[in-house]
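Student: I should like to learn how strands, helices and enclosed spaces are read from a set of coordinates. May we work through one example together?

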Amino acid sequence: MKTAVIGTDTGEAKKWLEAGQVVGIPTETVYGLAGNALSPAAVARIFEVKNRPTFDPLIVHSNSLEKIAQFVTEMPPAARRLADACWPGPLTLLLKKASLVPDLVTAGLDTVAVRIPNHPLTLRLLDALDFPLAAPSANPFGYVSPTQAEHVQAQLGDKIPYILDGGPCQVGIESTIVGFEGPELVVYRLGGIPVEAIEHIVGPVRVMAHSSSNPKAPGMLKSHYAPLKPVYTDGLDGLVDRYGPEAVGVLSFKDLSPDVPAGNQFVLSAAGSATEAAQRLFAGLRYLDGLAVAAIYAELLPERELGRAINDRIRRAAAR
Ligand code: TXA
Ligand code: MG
């Protein structure tokens, strides 16, 4: 197939989706690779384009609670409170699946991941469609997620017809995934809504997002979101000694490092804002990955609020 058209025409995206194709869509978190969630053929195409193992389930995106009620069999009160407080927004809920949702979407699990994304173009698209959109992040499995239409174009552009361009993603890291184990709330993936904010809405939650071999959600695999170059979170001095200052890239939170050339560095937020750091994180990793460096050193943020989710992505990028 020739390369994907990038545009802002939701009618064009709708046309391809109704024809069973998959397209790139913007969300506030990262770009998604979207297809008709109720069509097993379209969902199979998502797995194929992304080169994603079919045991890794997809998130179903919709634009209203009324529609989501058709895809689940129950909405526990705590889930409802989270939905009311966070949607549209970077929260994904794991709820008991209704039979309407194909098993391929949920990898045979009895839960389905649902969310209402907060992006005006994608909300308009969802409003115009009579089906929800299954969409994983629009990157090849295991690589850094895309936060601009150009990132999708560069990696999957030869496999899809259209990318809906919604500009750079405003949150920049994936949604927080929350599910239930009996009466207990569990955070399975740290993301755009900090754990502190979730606890403010529903009280204490258990965070299970750290396990390296947690089969519940492969997005929690220890090595994920990874650039091609090796990433380290400690030992900058040793890297500079080993490779030389020209061959080390640095991702820092606020300040340039005096140890390597400025052109080899990406500062996440000179103002020290974790929100801005999250917005720029994946673009920064891509930038450094594209340099002629042998290794990337990434500085961790203070371990709170969004800093926790950012550090989670950096640690996974460093795990291999
Ligand atoms: O912000 C986001 O969530 C983005 C945008 C596009 O919405 N999507 C995203 O999708 O990050 P993906 O496929 O890259 O990550 C979804 C994660 C995967 O780790 C998957 O294993 C997990 O959600 N997941 C999906 N359904 C699940 C289920 N029923 N039970 C447990 N984990 C599930
Ligand atoms: Mg992903």
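Student: In what sense do strand S13 (residues 248-252) and S14 pair, and over how many bridges?

Tutor: This is a predicted model. In it, S13 and S14 pair in the parallel sense, over three bridges. For the register, one looks for residues that face one another: Val250 stands opposite Gln265 in S14.

Student: What does S13 pair with besides S14, and in what order do the strands of the sheet lie?

Tutor: One follows the pairings from strand to strand. S13 is joined to S15 by four bridges, and these two strands run parallel; Val248 stands opposite Ala295 in S15. S15 is in turn joined to S12 by two bridges, again in parallel, with Val231 opposite Ile296. The result is an open sheet of four strands in the order S12-S15-S13-S14, with parallel pairing.

Student: Which are the edge strands of this sheet?

Tutor: An edge strand is recognised by its pairing on one side only; here the edge strands are S12 (231-232) and S14 (265-267).

Student: Are the two faces of S15 covered or open?

Tutor: To decide, one examines the side chains on each face in turn. In S15, Ala295 and Tyr297 on one side are buried, as are Ile296 and Ala298 on the other, so both faces are covered. Helix H9 (residues 236-243) lies across S12, S13 and S15 (295-298), and runs at about 160 degrees to S13.

Student: Let us turn to helices. Which residues of helix H6 (residues 120-128) are buried?

Tutor: They are Leu121, Thr122, Leu125 and Leu126. Viewed down the axis of H6, these buried residues fall within an arc of 135 degrees, and therefore line one face of the helix. The face turned away from the buried side carries the exposed residues Pro120 and Asp127.

Student: What do the buried residues of H6 pack against?

Tutor: Their partners are both helices and strands: helices H1 (10-18) and H3 (65-68), together with strands S2 (23-25), S4 (59-61), S7 (133-134) and S8 (162-164).

Student: Which residues are buried in helix H2 (residues 40-50), and what covers them?

Tutor: The buried residues of H2 are Ala42, Val43, Ile46, Phe47, Val49 and Lys50. Their cover includes strands S3 and S7 and helices H5 (103-106) and H7 (149-156). Beyond the helix, the backbone also merits inspection: H2 is followed by Asn51, whose phi is positive, near 60 degrees.

Student: Is Thr29 buried or exposed?

Tutor: A residue counts as buried under 20% relative accessible area. Thr29 has 4% relative accessibility and is therefore buried, although it lies in a loop, the one between S2 and S3 (32-36). Leaving aside residues up to four places away in sequence, Thr29 touches Pro90, Arg115, Thr147, Cys169, Val171, Gly172, Ile173, Glu174 and Ser175. Sequence separation and spatial distance should also be set side by side: Thr29 and Asn118 are 89 residues apart in sequence, and their C-alpha atoms are 8.4 Å apart.

Student: How many cavities of 30 Å³ or more does the structure hold?

Tutor: There are two of that size. The second largest encloses about 40 Å³ of space.

Student: Which helices each supply at least two residues of the lining of that second largest cavity?

Tutor: Helix H8 (195-202) and helix H11 (306-318) do so. Among the lining residues are Val195, Glu196, Arg308 and Ala309, and the lining also includes Thr176, Val187 and Leu190.

Methods:
Residues are numbered from 1 along each chain as its sequence is written. Chains are lettered from A and ligands numbered from 1 in the order in which they are written. This is a predicted model: local features need pLDDT of at least 70, side-chain atom pairs count only at pLDDT 80 or more; totals for chains, interfaces and linings use all residues. Side-chain values use heavy atoms; hydrogens and water are left out. Buried means under 20% relative accessible area, exposed over 50%, partly exposed in between (1.4 Å probe, protein chains only). The arc is that of the directions from the helix axis to the C-beta atoms. Contact means heavy atoms within 4.5 Å. Two strands pair if DSSP finds at least two bridges between them. Axes are lines fitted to C-alpha atoms, for helices over the stretch in contact, and angles run from 0 to 180 degrees between N-to-C directions. On a 1 Å grid over the protein atoms alone, a cavity is a set of points where a 1.4 Å probe fits but cannot get out, and a pocket is an open set with protein on both sides within 12 Å along at least five of seven lines; lining residues have an atom within 4 Å of a point. Grid points are joined across faces, edges and corners, and a volume is the space filled by probe spheres set on the points.
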